[in-house]
Amino acid sequence: MSTALVFNDYGGPETQELIDRGSPRPGPGELVIEVKAAGVNPADWKFREGLLGEDSQLPAPLGLEASGLVAAVGDGVEDFAVGDEVLGLVAPGHGGIATHTVLTASKTVLKPEEISFADAATIPVAGATAYDVTHQVELEPGQNLLLLGAAGGVGLMAAQIGKVHEFTVIGVAGNADRKLVESTGATFIESGDGTVDRVRQVAPEGVDLIVDLVGGQPLRDLAPLAKNPQNVISTVDETTVQELGGAGIQRTTEALEKITDVIKYGLVDPHVRARFPLADAQQAVAAVETGHMAGKVVVEP
């Protein structure tokens with residue numbers, strides 16, 4: 001028997017509940033894990049709200065990324081064995097915010113002992129996204145990278161990756177997160193009225209790469225600061241960024257392994273800022289849904 005957080009209809013938090021379900025079984029190319037930690041992402045509440053489509057079978061489980069111990073392996077899985085510590089993306093139709101779940105083996109890696117289960121649970125979605133978005137356009141050391149939404153889980157890791165590559169990182173976020181953003185080595189810029197002028201003061205000749213993690217009007221306001229419109233990338237608003245001449249994120253197969261190695265050697269800290277037991281999983285989703293939670297949120301069954 002497995003306990004999982006699901007939603008029973010598309011809509012608000014009131015549609016969520018913890019339920020007991022049968023123990024999951026791995027299909028070909030899949031792993032069952034005993035979940036030690038699950039990352040919570042904005043995509044979780046957007047999925048529940050129906051913003052990502054309404055074609056899933058209900059009740060639908062929540063949680064896209066998880067870490068834990070391998071409990072069973074499916075046909076064709078050769079790189080993992082029962083008892084291995086792993087982190088990976090949850091297989092379609094399953095949810096990571098649970099006591100047990102199913103991972104896609106091709107999107108799973110062994111968890112280095114240097115990385116905690118909590119940190120590991122943030123790598124498959126947020127970590128891999130931060131890696132891809134900072135490598136999509138090749139910058140040289142000293143060139144500048146502007147991050148919109150720098151205090152979120154992806155933003156903080158992207159800022160640290162920028163520091164590793166010796167980019168000049170400029171992070172836009174709310175004033176409450178100034179110290180957190182500055183701890184990555186980034187130059188902090190307060191979001192809101194006057195943001196464009198504040199960025200111009202620190203980058204008067206423009207910006208070499210803009211990574212947008214917010215979308216909407218802030219993206220429209222700041223995109224003109226890019227020296228080359230093609231060097232504007234958005235992870236959340238592909239329609240707007242393409243209108244502006246930029247691009248959506250291009251995901252790669254190697255990002256998961258690469259960012260895991262970077263975190264293993266202590267070069268990037270996922271900044272897990274809140275940890276909830278499974279019984280309080282709905283509070284974990286609510287914390288992310290406010291949009292004001294800096295860093296990453298995890299659920300630990």
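Which residue in β15 does valine 272 stand opposite? In this predicted model, valine 272 stands opposite lysine 296 of β15, and the two strands concerned, β14 and β15, pair in the parallel sense over five bridges. Strand β15 is mostly covered, with four of its five residues buried. Lysine 296 itself is buried, at a relative accessible area of 3%.

The side chain of lysine 296 meets that of glutamate 65 in a salt bridge, with an N to O distance of 3.1 Å. This pair links distant parts of the chain, since lysine 296 belongs to strand β15 and glutamate 65 to strand β5, 231 residues apart. Glutamate 65 has a relative accessibility of 0% and therefore counts as buried, the limit being under 20%.

Strand β15 also pairs with β3 (residues 30-40), the two running antiparallel and being joined by three bridges. Within this pairing, glycine 39 has valine 298 as its bridge partner in β15, while alanine 38 stands opposite valine 299. Strand β3 is mostly covered, nine of its 11 residues being buried. Eight bridges connect β3 to β5 (residues 65-73) in the antiparallel sense, and five bridges connect β3 to β7 (residues 100-110), again in the antiparallel sense. Isoleucine 33 takes part in both of these pairings, with valine 70 as its bridge partner in β5 and threonine 101 as its bridge partner in β7.

A further set of six strands forms an open sheet with parallel pairing, in the order β10-β9-β8-β11-β12-β13. Its edge strands are β10 (187-190) and β13 (247-248), each of which pairs on one side only. Strand β12 (residues 232-234) is joined to β13 by two bridges in the parallel sense, and isoleucine 233 has alanine 247 as its bridge partner in β13. Helix α4 (residues 153-164) lies across β8 (144-148) and β9 (168-173), and runs at about 175° to β8.

The structure holds 10 salt bridges in total. One of them brings together the side chains of aspartate 208 and lysine 227, at 3.1 Å from N to O. Aspartate 208 lies in the loop between α6 (195-202) and β11 (209-212), and lysine 227 in the loop between α7 (216-222) and β12, so this pair ties together parts that are 19 residues apart in sequence. The two partners fall into separate accessibility classes, because aspartate 208 is buried at a relative accessible area of 11%, whereas lysine 227, at 47%, counts as partly exposed.

Another salt bridge joins the side chains of glutamate 300 and arginine 275, at 2.9 Å from N to O. Glutamate 300 is placed in strand β15 and arginine 275 in strand β14, so the pair ties together parts that are 25 residues apart in sequence. Glutamate 300 is partly exposed, with a relative accessible area of 23%, and arginine 275 is exposed, with a value of 54%. In addition, Arg48, Glu49 and Glu289 are joined into one network by salt bridges that share partners.

On the surface, Val164, Tyr265 and Leu267 make a nonpolar patch of about 320 Å². Of these residues, leucine 267 lies in the loop between α9 (255-264) and β14 (272-277). Its relative accessible area of 47% makes leucine 267 partly exposed, and leucine 267 can therefore contribute to the patch, for which over 30% is required.

How values were computed: Residues numbered from 1 in each chain as written. Predicted model: local features only at pLDDT ≥ 70, side-chain atom pairs only at ≥ 80, totals over all residues. Heavy atoms only, no water. Patch = residues over 30% accessible without salt bridge, like charges linked within 9 Å, V, L, I, M, F, W, Y side chains within 5 Å. Areas by Shrake-Rupley, 256 points an atom, 1.4 Å probe, with all protein chains shown as cover. Salt bridge = Lys/Arg side-chain N within 4 Å of Asp/Glu carboxyl O. Buried < 20%, exposed > 50% of the residue type's maximum accessible area, 1.4 Å probe, protein only. Pairing = 2+ DSSP bridges. Contact = heavy atoms within 4.5 Å. Axes fitted to C-alpha atoms, helices over the stretch in contact; angles between N-to-C directions.
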